[in-house]
Amino acid sequence: AAGESEDSDSELDDDGGYDSDVQREKAIDYKAKTYANPIREMRGTKPHLQEREPTADPRRKVSRKKVAPPKVQRAGGALNRSGIKTLVLDFVHGYRGFDTRNNVHYLPGSSESTLVYHAAAVGVVYDITAATQSFYVEHTDDILCLAVNRSPKHKGVVATGQLGSDAPIHVWNGATKETLSIIKGHHSDGVCAVGFSANGKFLVSVGIDKNHTVVVSKWAEGMKVASTPGHVGRIFVAEFRPESDSQFVTCGVKHVKFWTLAGSQLIGKRGVVPAQESRGSDPVQMQTMLSVAFGAGDMAFTGAMSGDVYVWSGCNLARTVSRAHTGPVFSMFTSPKDGLIVTGAKETMSSRDGGAVKLWDQEMKKCKAFSLGRDVRADAVRSVSRDGKGKIVIGTRNGSVLCLAEKGGTLQTLVCG
């Protein structure tokens with residue numbers, strides 16, 4: 001019957017077909033990938049900053065053998081006994097794209113040539129013009145998700161969530177790398193999605209625990225506002241509506257939910273697919289949803305595993321854009337300036353208007369398709385973001401970061417995976 005339904009294991013059988021990347025991501029056991037001992041403790045003095053007692057040189061051993069020449073010498077020829085005290089991170093090649101999405105962004109508040117993304121336990125800020133990187137290194141395990149704050153009052157603020165038995169979310173300044181807040185105690189196993197509200201004060205986060213707990217926090221105060229179980233299956237995305245501080249959407253395995261923050265309560269409504277809705281000769285059913293974007297009013301769009309885009313009015317399905325892509329729509333981005341929507345997908349076959357990246361208007365009418373070449377099409381696009389000045393930054397499954405010019409469609413490789 002049409003209408004909302006309770007979460008159940010039977011709903012996890014997918015109508016969108018099979019995709020190896022989606023199946024692999026759904027089956028990942030993150031507990032097994034968590035460090036038994038964190039990379040470093042979050043408190044105390046970093047090892048290279050700790051004071052050490054000076055040690056005297058050991059006495060030379062007496063031997064009749066010919067003394068071998070020293071292997072490490074100073075410029076003047078004397079032996080350097082100090083050793084290597086500190087290794088300095090200079091450049092990170094690639095980013096985490098194989099099990100993430102929407103995690104390569106232009107950094108608001110900086111020049112339009114600055115990106116932010118993550119690899120392993122490192123937040124990377126990349127200056128495209130200078131081809132230099134700076135790093136946020138306060139996480140203690142691998143980072144799984146990233147969001148940027150687009151509020152004018154919080155420009156350059158970044159949130160990153162990580163793996164861990166008590167997985168923290170770090171909120172930090174992308175320009176200075178200063179930690180602004182660490183939110184802990186709400187998610188076990190790890191944090192798979194984060195997103196800021198319109199005013200920049202609220203942060204929604206989703207855990208990879210068995211309940212896939214959804215939490216809304218006031219990040220500056222480190223205070224939980226509300227929390228509730230999210231869904232029986234994995235949740236891949238959580239995003240506030242661009243103009244709202246109380247409404248957001250989550251989507252994942254066989255579901256879409258539309259949430260409202262009401263005081264200290266979270267009220268969720270399942271997406272409703274009318275029984276009479278059809279796609280050609282086949283009835284439309286709920287699929288695994290991998291991405292979300294927003295239109296005017298109460299319109300929302302979700303990218304499905306089959307390559308379709310579902311168009312929602314409130315929590316009701318209004319229509320579908322059939323075969324928007326030929327494979328899973330892993331990423332969608334709502335441009336804050338003009339409202340245009342970018343989609344990024346895994347193109348599984350060639351089509352007349354094919355392209356792993358496409359640009360749409362607020363009615364989900366296609367404006368432009370970009371063919372990225374055979375290698376990228378076969379690899380799959382996992383992240384898209386747009387600077388509003390004619391450039392789209394792309395992250396791929398194999399960890400490469402690319403820059404696409406909307407005019408002319410030229411493609412530049414920024415970071416190789």
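In what follows, Ala, Val, Leu, Ile, Met, Phe, Trp, Tyr, Cys and Pro count as nonpolar, Asp, Glu, Lys and Arg as charged, and the others, Gly among them, as polar. With that sorting in hand, let us look at the largest pocket of this predicted model. Its lining divides into 22 nonpolar, eleven polar and eight charged residues.

The lining of the largest pocket has 41 residues in total. If you would like to find the middle of the pocket on screen, look for Val-148, Arg-150, Phe-196, Glu-239 and Phe-240, the lining residues that lie nearest its centre. The space inside comes to about 820 Å³. Rolling a probe the size of a water molecule over the atoms shows where empty space is left. Several strands help to form the lining: S5 (143-148), S9 (191-196), S13 (235-240) and S23 (331-334) each supply at least two of its residues.

Now step back to the whole chain. Strands are plentiful here, with 30 of them alongside three helices. Of the 417 residues in the chain, 51% are buried. Among contacts with a separation of 6 or more, 48% are between residues 24 or more positions apart. The accessible surface amounts to about 20200 Å², and carbon and sulfur atoms account for 49% of that area.

Helix H1, which covers residues 20-27, makes a good next stop. Which of its residues are buried? They are Asp-21, Val-22 and Glu-25. Looking down the axis of H1, you would see these buried residues within an arc of 95°, so they line one face of the helix. An α-helix has 3.6 residues a turn, so residues three or four places apart point the same way. As for what covers the buried residues of H1, the list includes S13, strand S19 (289-294) and strand S27 (381-386). Strand S13 is also one of the strands that supply residues to the pocket lining.

Finally, two loops are worth a visit for their backbone angles. Between strand S7 (169-173) and strand S8 (179-183) sits Lys-177. Its phi is near 70°, a positive value in a residue other than glycine. Is Lys-177 buried or exposed? With a relative accessible area of 18%, Lys-177 is buried, because buried means under 20%.

Further along, the loop between strand S25 (357-360) and strand S26 (366-370) holds Met-364. Here too phi is positive in a residue other than glycine, with a value near 60°. Met-364 counts as buried as well, at 4% relative accessibility.

Conventions
Residues numbered from 1 in each chain as written. Predicted model: local features only at pLDDT ≥ 70, side-chain atom pairs only at ≥ 80, totals over all residues. Heavy atoms only, no water. 1 Å grid on protein atoms, 1.4 Å probe; cavity = no way out; pocket = protein on both sides within 12 Å on 5 of 7 lines; lining within 4 Å. Points joined across faces, edges and corners; volume = space filled by probe spheres on them. Helix = DSSP H or I, 4+ residues; strand = E, 2+ residues; numbered from the N terminus. Buried < 20%, exposed > 50% of the residue type's maximum accessible area, 1.4 Å probe, protein only. Arc of directions from axis to C-beta. Contact = heavy atoms within 4.5 Å. Areas by Shrake-Rupley, 256 points an atom, 1.4 Å probe, with all protein chains shown as cover.
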